[in-house]
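Please look through the model below before reading on. The paragraphs after it go through the two protein copies, then the DNA strands, and then a few single residues.

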Protein chains: 2
Amino acid sequence: MTKKTTEKQRLRAPSKRSIASRSRILDAAETVFARDGFEGAKVRDIAALAEVPLGLVNHHGGSKEALFREVVERRAEELARLRLEALAQAKGQGALDLTAILGCFFRPYLAKAAGSDPQWLAYARLVAMVSADPAWADISTDLFDPTAQRFMDEICALHPKVSRAVVAEGFVYSVAALLAFLTSEWRIAALASQSDAQASVEGLVAFCAAGCAARIAQAET
Amino acid sequence: MTKKTTEKQRLRAPSKRSIASRSRILDAAETVFARDGFEGAKVRDIAALAEVPLGLVNHHGGSKEALFREVVERRAEELARLRLEALAQAKGQGALDLTAILGCFFRPYLAKAAGSDPQWLAYARLVAMVSADPAWADISTDLFDPTAQRFMDEICALHPKVSRAVVAEGFVYSVAALLAFLTSEWRIAALASQSDAQASVEGLVAFCAAGCAARIAQAET
DNA sequence: GCTTATTTTGAACAATGGTTCAATTTAAGA
DNA sequence: TCTTAAATTGAACCATTGTTCAAAATAAGC
């Protein structure tokens, strides 16, 4: 399924104002979708947050579903690139262990989420939604799985004896923990009954690396 | 916030037919909520699945939100009881390690989900929804957190040196992995590119126990 | 069996929300 | 500057959906 089967050719370049509107709409959509979910999000809320008339949202984003897909796609490519770059660079510096591999997968995302652009935090919730809902399985297949496969290749190379299913299992658990890290600080703080509970990236990586290692060791016996 | 501030007293016992209708409606609501999410679920779909007229859903379940809460509450108490019983029984058989504690938390749920009642699998998706969405934080606080605290107490007793925040961190990651196990078999199978990928309970427990242990060890140094 | 609280039914209501559209404004291309 | 494609605006459309209601059917309590 290609992106657009009917590619209407443009006769003119988009104006600066049009580009700005489109960007504001996508940002607003990202925020509202992340906050309310796909069904819960209202196009009118997106329009209000973007401070544009209602009709303009459909004009730029198409249908609500098309808008959602575009919002998810927008950062997926950059994220995949950053992850693969981190992996390539780490490989250039010597042999990789499990911690290093997972670190290359986690850190680019976490760096963005902790960085200056607050939209990346909203994006994390979007990814969590897509990853959890079978209704969006095609998005996962197209945008996220290729990169995941690449990282799983590295882990499989480290442990040639174990089946890919075992590695996939550990990887899915690790991604679940990553998304929990990004979206459940309120949860951790509530359980720790102290507001200064600050989960660390190192803690997350340590958890997942040890978990994967144990799962793999279990399968190797 | 108590359950019902205006408790209208009953003058008659509910009829057998009424009890059956109510049960069918709750089962149908559980299935539809799990499949479509809270916003995506339609009261009409619930009525259709339960094979009752539309109005009867509101009559028995109250508002859509009240119905959702009741569906979540319905199994929460039984689940909490099973978990605490498993923990008590395991404690009676000697000192507990991390694997045993997590096993007591995971197994009752997994046994139910794998058991005869298919509704428990739908319930797993409901719990995942509630756990992930801050909008339902009050449900988590009321229904799930007390049991989680009890299990975290055991882990804390095992490692007196580490802060509760570290334990909470590992616990949240573990629950995330549990929910991924219950709701993401399609995901694991897709990544493993083999349909016979069968994640095991032992694999999940091994992953989480080792992960928590590593996170705690990291904090103890 | 009688009474009436409760349940059931089907319909209607009112609000919501995604989408469409014609008219207007803007600015790109020549 | 002139032409017109593209963007913007505000309104309307219409299917959807949660909720309510009055009348009819049912069955619990005496």
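Of the residues of chain B, B:G211 comes closest to the rotation axis, its C-alpha lying 2.2 Å away. The axis comes from superposing the copies by least squares on the C-alpha atoms of residues with pLDDT of at least 70 in both. A turn of 180 degrees with a shift of 0.0 Å along this axis lays chain B on chain A, and the RMSD is 0.0 Å. That is the relation of a two-fold axis. Both copies use the same surface, since 100% of the contact residues of chain B recur in chain A; contact means heavy atoms within 4.5 Å.

The model is predicted, so local features need pLDDT of at least 70 and side-chain atom pairs count only at pLDDT 80 or more, while totals for chains, interfaces and linings use all residues. Residues are numbered from 1 along each chain as its sequence is written, chains are lettered from A and ligands numbered from 1 in the order in which they are written, and side-chain values use heavy atoms, with hydrogens and water left out.

Now to the DNA. DNA strand C is surrounded by 25 residues, and the closest are A:K42, A:V43, A:R44, B:P53 and B:H60. A residue is near a strand or molecule if one of its heavy atoms lies within 4 Å of it. Sugar and phosphate make up 61% of the atoms of DNA strand C that come within 4 Å of the protein. By residue type, the surface near DNA strand C divides into 7 nonpolar, 9 polar and 9 charged residues. In this division Ala, Val, Leu, Ile, Met, Phe, Trp, Tyr, Cys and Pro are nonpolar, Asp, Glu, Lys and Arg are charged, and the others, Gly among them, are polar.

Which part of DNA strand C does the side chain of A:R44 approach? An N or O atom in that side chain is 2.6 Å from a base nitrogen. The backbone of A:A13, by contrast, places an N or O atom 3.1 Å from a phosphate oxygen of DNA strand C, and in the side chain of B:H60 an N or O atom is 3.5 Å from a phosphate oxygen. The elements that give two or more residues to this surface are helix 2 (43-50) and helix 3 (54-61) of chain A, together with helix 1 (16-40) and helix 3 (54-61) of chain B. Helix 3 of chain B gives the most, with 4 residues. Helices here are DSSP runs (H or I, at least four residues), numbered from the N terminus.

DNA strand D has 26 residues around it, of which A:L11, A:S21, A:P53, A:H60 and B:R44 come nearest. Sugar and phosphate account for 60% of its atoms within 4 Å of the protein. A polar side-chain atom of A:S21 lies 2.8 Å from a phosphate oxygen of DNA strand D, and the side chain of A:S18 has an N or O atom 3.4 Å from a phosphate oxygen. A base oxygen is 2.9 Å from an N or O atom in the side chain of A:R12. Helix 3 of chain A supplies the largest share of the surface near DNA strand D, 4 residues.

Away from the DNA, consider helix 8 of chain B, residues 164-183. Why should this helix span 28 Å? At 1.5 Å a residue, its 20 residues should cover that length, and the end C-alpha atoms are indeed 28 Å apart; the expected span is 1.5 Å times one less than the number of residues. Of the 20 residues, 18 are buried, where buried means under 20% relative accessible area, exposed over 50% and partly exposed in between (1.4 Å probe, protein chains only).

B:S174 is found in this helix and is buried, with a relative accessible area of 0%. Leaving aside neighbours within four places in sequence, B:S174 is in contact with A:F207, B:L102, B:F106, B:C208 and B:C212. B:T183 lies in helix 8 as well and counts as buried at 10% relative accessibility. A polar atom of the B:T183 side chain lies 2.7 Å from the backbone oxygen of B:L179.

Last comes B:R24, in helix 1 of chain B. B:R24 is partly exposed, with a relative accessible area of 37%. The side chain of B:R24 reaches the backbone oxygen of B:A50 at 2.4 Å.

Technical notes
A polar contact is a pair of N or O atoms within 3.5 Å; within protein, one must be able to donate a hydrogen and the other to accept it, and residues adjacent in sequence count only if both atoms are side-chain atoms.
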